[in-house]
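Biologist: I would like a close look at a single part of this model, with enough of the whole chain around it to place it. Please keep to what can be computed from the coordinates.

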Amino acid sequence: MRAWEFIDKEEVPDGEGTMFLMNRGREYAIHMNGRELMGNRAHGSEDALADLACDRLARLDDARVLVGGLGMGFTLAAVLRRIGPEAATTVAELIPAIVRWNRDLLGRASRHPLRDPRVSVHVGDVVDLIATPPAPWSAILLDVDNGPRALTRSYNAWLYTDHGLQTAHAALIDGGVLGVWSAAPDDAFTGALTRAGFEVEAITHTEPGRPTPDDSGDHFLWMARRRP
């Protein structure tokens with residue numbers, strides 16, 4: 001098999017590691033701390049994070065969607081396929097290099113969603129846009145970690161606390177949806193969402209052939225809806 005080739009790197013804020021952009025033929029991946037965080041080979045669960053949330057919204061024509069974590073751009077692209085021409089999406093990405101990589105090499109696979117006029121980019125912490133939203137969000141989609149207990153950076157832990165989830169609940173419109181992506185199930189997190197006042201669905205998304213630690217191809221999505 002062809003070896004990975006290094007393209008670029010970027011330090012994660014607070015000294016918690018370094019992200020590396022790697023290439024192997026048509027495959028691109030971002031590695032950190034010796035493991036692959038994300039790649040463009042398979043992205044079904046990232047698409048599903050957006051599609052399942054949009055399925056649960058009463059209105060898509062003027063929806064306001066916050067995407068936490070740009071990654072490879074696939075969740076953002078899936079949102080744009082569903083919302084109307086008068087809708088708007090803000091993507092919050094903490095690592096400037098990930099935005100830069102998506103504007104160039106990575107954007108080819110996801111068809112350059114950052115070029116869509118409905119998109120605005122917040123280079124900074126998604127927490128800022130949850131704690132102080134410019135207006136209530138129709139949906140908040142979080143794919144910033146490998147799960148509530150598998151953090152990319154320690155500060156993200158606030159997002160999954162009772163206080164963080166209550167803040168997200170308050171940042172949504174009535175009937176709005178908080179969607180969270182995870183590499184593993186977490187019953188305690190399901191309970192925390194319920195305590196925060198959400199109607200909760202915990203969904204397993206299986207993608208055959210996708211590399212996962214247990215070779216199941218399973219990822220896990222929470223759809224948490226603020227009661228209308």
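What share of the contacts in the protein chain with a separation of 6 or more do residues 24 or more positions apart account for? With that as background, please take helix H6: which of its residues are buried, and what do the buried residues of H6 pack against?

Modeller: The model is a predicted one. Residues 24 or more positions apart account for 66% of the contacts in the protein chain with a separation of 6 or more. The chain contains seven helices and 11 strands. Its radius of gyration is 17 Å, which agrees with the value near 17 Å for a compact globule of 228 residues. Along the principal axes, the C-alpha trace spans about 50 × 40 × 35 Å. Of the 228 residues, 54% count as buried. The accessible surface comes to about 10500 Å², and carbon and sulfur atoms hold 50% of this area.

Now to the helix itself. H6 covers residues 162-170. Its buried residues are Gly164, Leu165, Thr167, Ala168 and His169. They pack against two helices and four strands: helix H5 (126-131) and H7, together with strand E8 (137-142), strand E9 (172-182), E10 and E11.

His169 can be followed one step further. This residue of H6 has a relative accessible area of 17%, so it is buried. Leaving aside residues up to four places away in sequence, His169 touches Ala196, Gly197, Phe198 and Arg226. Of these partners, Phe198 falls within the residue range of strand E10 (198-206) and Arg226 within that of strand E11 (218-226).

At residue 162, where H6 begins, there is a salt bridge to consider. The side chains of Asp162 and Arg195 meet in it, with N to O at 2.9 Å. Asp162 belongs to H6 and Arg195 to helix H7 (residues 187-195), so the pair ties together parts that are 33 residues apart in sequence. Asp162 is partly exposed, because its relative accessible area is 32%. Arg195, at 55%, is exposed. H7 is thus linked to H6 by this pair, and H7 also appears among the elements that the buried residues of H6 pack against.

Two of the strands on that list, E10 and E11, have a salt bridge of their own. Arg225 pairs with Glu199, the closest N and O atoms being 3.8 Å apart. Arg225 is in strand E11 and Glu199 in strand E10, and the two residues are 26 positions apart, so distant parts of the chain are linked here as well. Both residues are partly exposed: the relative accessible area is 25% for Arg225 and 34% for Glu199.

For the wider setting, a search of the whole structure finds 14 salt bridges. One of them joins the side chains of Arg24 and Glu27, at 3.2 Å from N to O. Arg24 counts as buried at 17% relative accessibility, and Glu27 is buried with a relative accessible area of 13%. Arg24 and Glu27 are linked with Arg41 in a network of salt bridges. Over the chain as a whole there are 24 positive and 32 negative charges, and their mean positions lie 4 Å apart.

Notes:
Residues numbered from 1 in each chain as written. Predicted model: local features only at pLDDT ≥ 70, side-chain atom pairs only at ≥ 80, totals over all residues. Heavy atoms only, no water. Rg over C-alpha atoms; globule rule 2.2 N^0.38 Å. Buried < 20%, exposed > 50% of the residue type's maximum accessible area, 1.4 Å probe, protein only. Contact = heavy atoms within 4.5 Å. Areas by Shrake-Rupley, 256 points an atom, 1.4 Å probe, with all protein chains shown as cover. Lys, Arg positive; Asp, Glu negative; His and termini not counted. Charge placed at Lys NZ, Arg CZ, Asp CG, Glu CD. Salt bridge = Lys/Arg side-chain N within 4 Å of Asp/Glu carboxyl O.
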